[in-house]
Amino acid sequence: MFLAVGSVAGAGGGSCYSHSKKDRSLAKRTNRARSNQDVAKLSLDPQLSYVAKRHSRSMASKNTLYHTASLGSLVTRWKTLGENVGYAGSVKSVHRAFMNSAGHKANILKSGYKNFGVGVVKKGGRIWATVVFEARKNPGTTLKMPSC
């Protein structure tokens, strides 16, 4: 399993996006880890999740782990962004790897984050995961969201 962690600080609708079972599983594990450390749970944001899913698809298609270079321009109203990316054989393994990495764990437990987006893609026997963390409510995205 491989991981990368990043964060950015700076200034910075209705959709029919739905989270997959794997997305919800990783989100639940992330919020459980926060709850276990007495940190407020994060709200799962569909726009951040769409950004995360798009990035996970890109990593899976290229079979390469990397951060979203344009994250700060894909999220429209942001104060502080963080991103965890990784891949492993299962959602449980990705989450465990995140929690065993100081940088990833710091993103997961950062009290300043209020919202997050989760995008999990399975390809070639691997689970590719991107988690985007954000401090503001309703951060938005420049991506065209799926319509109803």
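**Core packing and strand pairing in the predicted model**

In this predicted model, Val131 makes contacts, beyond its neighbours within four places in sequence, with Leu26, Gly82, Glu83, Asn84, Phe98, Phe116, Gly117 and Val118. Val131 is also one of the residues with the most contacts inside the largest nonpolar core, a group of 19 residues in which Leu26, Ile108, Phe116, Val118, Val120 and Phe133 are likewise listed as having the most contacts. Two or more residues of this core are contributed by each of helix H1 (21-36), helix H4 (91-99), helix H5 (102-109), strand E4 (115-123) and strand E5 (126-134). A further core lies apart from the largest one and comprises 10 residues, including Leu48, Val51, Leu71 and Val132. In soluble globular proteins, nonpolar side chains tend to be buried together.

Strand E5 is largely enclosed by the rest of the structure, because 8 of its 9 residues are buried. Pairing with E5 is antiparallel for E4, over 9 bridges, and antiparallel for E3, over 8 bridges. Within the E4-E5 pair, Lys123 has Arg126 of E5 as its bridge partner. The hairpin formed by these two strands has 2 residues between them, and Gly124 adopts a positive phi near 60 degrees there. On the E3 side, Val85 is bridged to Thr130 of E5, and Gly86 stands opposite Ala129 of the E5 strand.

Strand E3 (80-88) is mostly covered, with 9 of its 9 residues buried. In a regular strand the side chains alternate between the two faces of the sheet. In E3, one direction is taken by Thr80, Gly82, Asn84, Gly86 and Ala88, and the other by Leu81, Glu83, Val85 and Tyr87; all of these residues are buried. Of the residues pointing in these two directions, Gly82, Glu83 and Asn84 are among the contacts of Val131.

Helix H2 (residues 46-62) consists of 17 residues and extends 24 Å from its first C-alpha to its last, close to the 24 Å expected at 1.5 Å a residue. At the N-terminal end, H2 is capped by Asp45, a side-chain oxygen of which lies 2.9 Å from the backbone nitrogen of Gln47. Beyond H2 comes Asn63, which has a positive phi, near 55 degrees. The buried residues of the helix are Gln47, Leu48, Ser49, Val51, Ala52, Lys53, His55, Ser56, Met59 and Ala60. These buried residues pack against H1, strand E2 (43-44), helix H3 (71-74), E3, E4 and E5. Leu48 and Val51, both buried in H2, are among the members of the core of 10 residues.

His55, located in helix H2, has a relative accessible area of 7%, which is under the 20% limit, and is therefore classed as buried. The side chains of His55 and Thr68 are joined by a polar contact of 3.1 Å. Not counting residues up to four places away in sequence, His55 touches Tyr66, His67, Thr68, Glu83, Val85 and Thr130. Two of these contacts, Val85 and Thr130, are bridge partners in the pairing of E3 with E5.

Confidence varies along the protein chain, for which the mean pLDDT is 89 and 89% of the residues score at least 70. H4 has the highest confidence, at 98, whereas strand E1 (residues 2-9) has the lowest, at a mean of 46. Residues 5-14 have a pLDDT below 50, and in the model this stretch forms 29 contacts beyond near neighbours in sequence. Where pLDDT is low, the predicted coordinates should not be read in detail.

How values were computed. Residues are numbered from 1 along each chain as its sequence is written. This is a predicted model: local features need pLDDT of at least 70, side-chain atom pairs count only at pLDDT 80 or more; totals for chains, interfaces and linings use all residues. Side-chain values use heavy atoms; hydrogens and water are left out. A nonpolar core is a set of buried Ala, Val, Leu, Ile, Met, Phe, Trp, Tyr and Cys residues joined through side-chain atoms within 4.5 Å. Buried means under 20% relative accessible area, exposed over 50%, partly exposed in between (1.4 Å probe, protein chains only). Helices (H or I, at least four residues) and strands (E, at least two) are DSSP runs, numbered from the N terminus. Contact means heavy atoms within 4.5 Å. The expected span of a helix is 1.5 Å times one less than its number of residues. A polar contact is a pair of N or O atoms within 3.5 Å; within protein, one must be able to donate a hydrogen and the other to accept it, and residues adjacent in sequence count only if both atoms are side-chain atoms. Two strands pair if DSSP finds at least two bridges between them. pLDDT is the predictor's confidence in each residue, from 0 to 100.
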